[in-house]
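Biologist: Could you take a close look at one part of this model for me, the membrane-related stretches and the way the helices around them pack? I'd love one connected walk-through that I can follow with the structure open.

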Amino acid sequence: MPPTSMEALAPARAGGSGEIKPRKRSLGSILRHYWMFYLMLLPGVALLVINNYIPMAGIIIAFKNVNYEIGILNSPWVGLANFKYLFRSPDSYIIIRNTLLYNSAFILLNMTIPLAFAILLNELKNRFLSKTYQTIMFLPYFLSYIVISYLVFGFMSDEHGYLNGTLLPALGLEPVRWYFTQEVWPIVLPIINTWKGMGYYTVIYLAAIIGIDDEYYEAATIDGASKWQQIASITIPLLKPILTIMTLLQIGRIFNADFGLFFQVPRESGVLFPVTNVIDTYVYRTFLSVGDVGLSSAAGLFQSVVGFILVFFSNWVVRRFNSENALF
Amino acid sequence: MEAATERVKTSAGTGGHNRLPALANAVVHALFVIYSIVCIVPIFLIVSVSFSDEKSVVNNGYRFIPEKFNLAAYKFLYKDIGQIAYSYGVSIAVTVIGTALSVIIIALYAYPISRPNFPHAKFFTFFAFFTMLFSGGLVPWYLVYVQMLDLKNTLASLIIPLLMSAFWVLVTRTFFKETVPAAVLESAKIDGAGELRIFFGIVIPLSMPVIATVALFQTLTYWNDWFLSLVFITDNHNISVQYLLYKMLANIQFLSSNPTAAAEIAKAGGMFNFPSETVRMALVIVGVGPIIFAYPFFQKYFIRGLTVGAVKG
């Protein structure tokens, strides 16, 4: 979105020689006047080009049969062959389903439970304890998924895990081979995701709740409103903007799975792939383990394009209801 | 009005607004105490195993209280201190260099696009913002670093990909816009100060909260990163703490690639006396230690940082 209106250029012209000049000259004077700004932007621009824009041009790989010997540009075009191959394999359905279902569950859980926690935390008048709870709840957010995979392993290891070794025998139950049992993972993964993000989302919602003017609650109390009524008719409606933005941000990324959660925590157990393989892990494995460049980049491009459409769609929906809550 | 406020105060017994009944208050506290335990207990289990006797762990599984207290795991790690110290060095170098460069680059990018009179501010804002909307995917991204830049197995491959962040650029830009008064910048310009002097002399000192926030989040990102290692590191050099942990969970012998430790194992009759279960968990504690100690301090600024600037494109 380069500035095209004359207003946008006006300050620059005022800073220049002041004469009315053709547009081309005035661009030159902008460059001369703001050269330091361009210099400041340079490292960031260079990194964005390397890290983001050159790879964007690299999406052509998805339409090619890549042969490193002759280089990517000289490799033959194959049209949509990689995509056809991708969508014909049963994997495509599984990874799309898993990505969407898990992320939907995550969005729902990350909204409701931390919101409830934030509301409750706000009711506690003991500042010290409230801060202590917040601090402790934030701990999992600071742990990497490698460390979390160890924590989960401590409980779920077949041989020595706490569940199989102590808890299940104590309850008189048979041990479960957790890393070979598909049914449990659609429950375990959302629990871990919620556990990790709880502190983060709670703090965001709590900050928003604290920002609400106390007079609303005072007036409601005078009118005899109960706690429930206050939450339903003051807190939740006033949190709508932040809830919308948080949800919108997540819906825009619903096609992007948290690689660490799905790659590290199930410990790459092949038996679990039908319930743990998501687009991101599929792209990684097809590329770096299997070495299928075409298939992997086709899946990656599909993910990017759908994700891109989803961001715009969800933003458009929000803008229709309330343009102030829209992201852009 | 005054009387009404007074009435609320006396009936509710608090300044701001009404209080929960005592029973409900106790229930809420109980809920948070239980949840706090849920947050800590998994780490406690790992700590307990790391201090346990290997045999009792193998026989009875992981327990919350060590059946037989034993420091063998830590002693073993101490023997192999070379690899651990080296990995710490890699992690610290990547984190310190990465965070420092990252903060500078992000602030340098955010400043021009925060200035309303810069004609290309909109263009460069969008140039950064667009990278949040669309990505080329893993394959081309990998090829850029490995084929074009030839950075495989280098420290640079663990630093460069995370240096620039469009998200933090936008947060920082918003902060600059809202916090640094345009009038101050104008008068500094009239006094003849160059843009670079204005930036380092006025903008940065006024923007320490957002600079600190970016620094904290980037520190955490670099320290906890293992994905770049997974993708770019294929030999046994430049193994960060996180990546060492990853390799250990898959393969305990990785640690004993060190000849002294390997000789020790061989002397003890192969794997027989090698306390693999407890060593693993001891390594987690060694790896997670800095975060656990730093995080209560971190977290205070994190919370402040989360509310520092809204991102609007």
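Modeller: Happily! Let's begin at residues 35-54 of chain A, a span that is 100% helix and 0% strand, with its end C-alpha atoms 25 Å apart. Please keep in mind that this is a predicted model. The stretch comes from an unreviewed UniProt entry, which lists residues 35-54, 99-121, 133-153 and 298-318 of chain A under "transmembrane region". Another one of these, residues 133-153 of chain A, also has end C-alpha atoms 25 Å apart, and that span is 71% helix and 0% strand.

The record also names a domain. UniProt, again in an unreviewed entry, gives residues 96-314 of chain A as "domain: ABC transmembrane type-1". That span is 76% helix and 0% strand, and its two end C-alpha atoms lie 19 Å from each other.

Now to the packing, and a good place to look is helix 15 of chain A, residues 293-321. Helix 14 of chain A, residues 279-290, packs against helix 15 with the axes 8 Å apart and an angle of about 160 degrees. The pair is therefore roughly antiparallel, because an angle over 145 degrees counts as such. The crossing of helix 14 of chain A with helix 15 of chain A is left-handed. If you want to click through the contact, helix 14 of chain A brings A:Ile279, A:Tyr282, A:Val283, A:Thr286 and A:Phe287, while helix 15 of chain A brings A:Val293, A:Leu295, A:Ser296, A:Ala299, A:Gly300 and A:Gln303. Sorted by class, that contact holds 7 nonpolar residues, 4 polar ones and no charged ones.

Helix 15 of chain A also meets helix 4 of chain A, residues 81-88; their axes come within 9 Å and cross at roughly 80 degrees. Helix 4 of chain A is therefore roughly perpendicular to helix 15 of chain A. On the helix 4 side you will find A:Asn82, A:Phe83, A:Tyr85 and A:Leu86, which meet A:Gly294, A:Leu295, A:Ala298 and A:Ala299 of helix 15 of chain A. Here the count is 6 nonpolar, 2 polar and no charged residues. Do pause at A:Leu295 and A:Ala299: both take part in the contact with helix 14 of chain A and in the contact with helix 4 of chain A.

Another helix pair of chain A gives a third arrangement. The axes of helix 9 (residues 185-210) of chain A and helix 11 (residues 227-252) of chain A cross at roughly 120 degrees and come within 10 Å. These two helices are therefore oblique to each other. Their crossing is right-handed. A:Tyr205, A:Ala208 and A:Ile209 make the contact from helix 9 of chain A, and A:Thr235, A:Leu239 and A:Ile242 make it from helix 11 of chain A. That contact has 5 nonpolar residues, 1 polar residue and no charged residues.

What about the partner chain? For chain B, an unreviewed UniProt entry places "transmembrane region" at several stretches, among them residues 26-51 and 123-143. Residues 26-51 of chain B are 96% helix and 0% strand, with end C-alpha atoms 36 Å apart. Across residues 123-143 of chain B, the chain is 81% helix and 0% strand, and the ends are separated by 28 Å between C-alpha atoms.

The domain assignment divides chain B into domain 1 (2-50) and domain 2 (75-306). Between them, 4 residues of domain 1 of chain B touch 6 residues of domain 2 of chain B. On the domain 1 side, these are 3 nonpolar, 1 polar and no charged residues.

Finally, where do the chains meet? The contact draws 82 residues from chain B and 80 residues from chain A. Helix 2 (residues 22-50) of chain B supplies 13 residues, the largest share of the chain B side. By class, the chain B side comprises 55 nonpolar, 22 polar and 5 charged residues.

Key:
Residues are numbered from 1 along each chain as its sequence is written. Chains are lettered from A and ligands numbered from 1 in the order in which they are written. This is a predicted model: local features need pLDDT of at least 70, side-chain atom pairs count only at pLDDT 80 or more; totals for chains, interfaces and linings use all residues. UniProt positions are given in the numbering used here, feature names are shortened, and annotations may be inferred rather than shown by experiment. Helices (H or I, at least four residues) and strands (E, at least two) are DSSP runs, numbered from the N terminus. Axes are lines fitted to C-alpha atoms, for helices over the stretch in contact, and angles run from 0 to 180 degrees between N-to-C directions. Angles under 35 degrees count as roughly parallel, over 145 as roughly antiparallel, 65 to 115 as roughly perpendicular and the rest as oblique. A crossing is left-handed if the near helix is turned anticlockwise from the far one by less than a right angle, and right-handed if clockwise. Two residues are in contact if their C-beta atoms, placed from the backbone, lie within 7 Å. Ala, Val, Leu, Ile, Met, Phe, Trp, Tyr, Cys and Pro count as nonpolar, Asp, Glu, Lys and Arg as charged, and the others, Gly among them, as polar. Domain bounds come from an automatic or database domain assignment.
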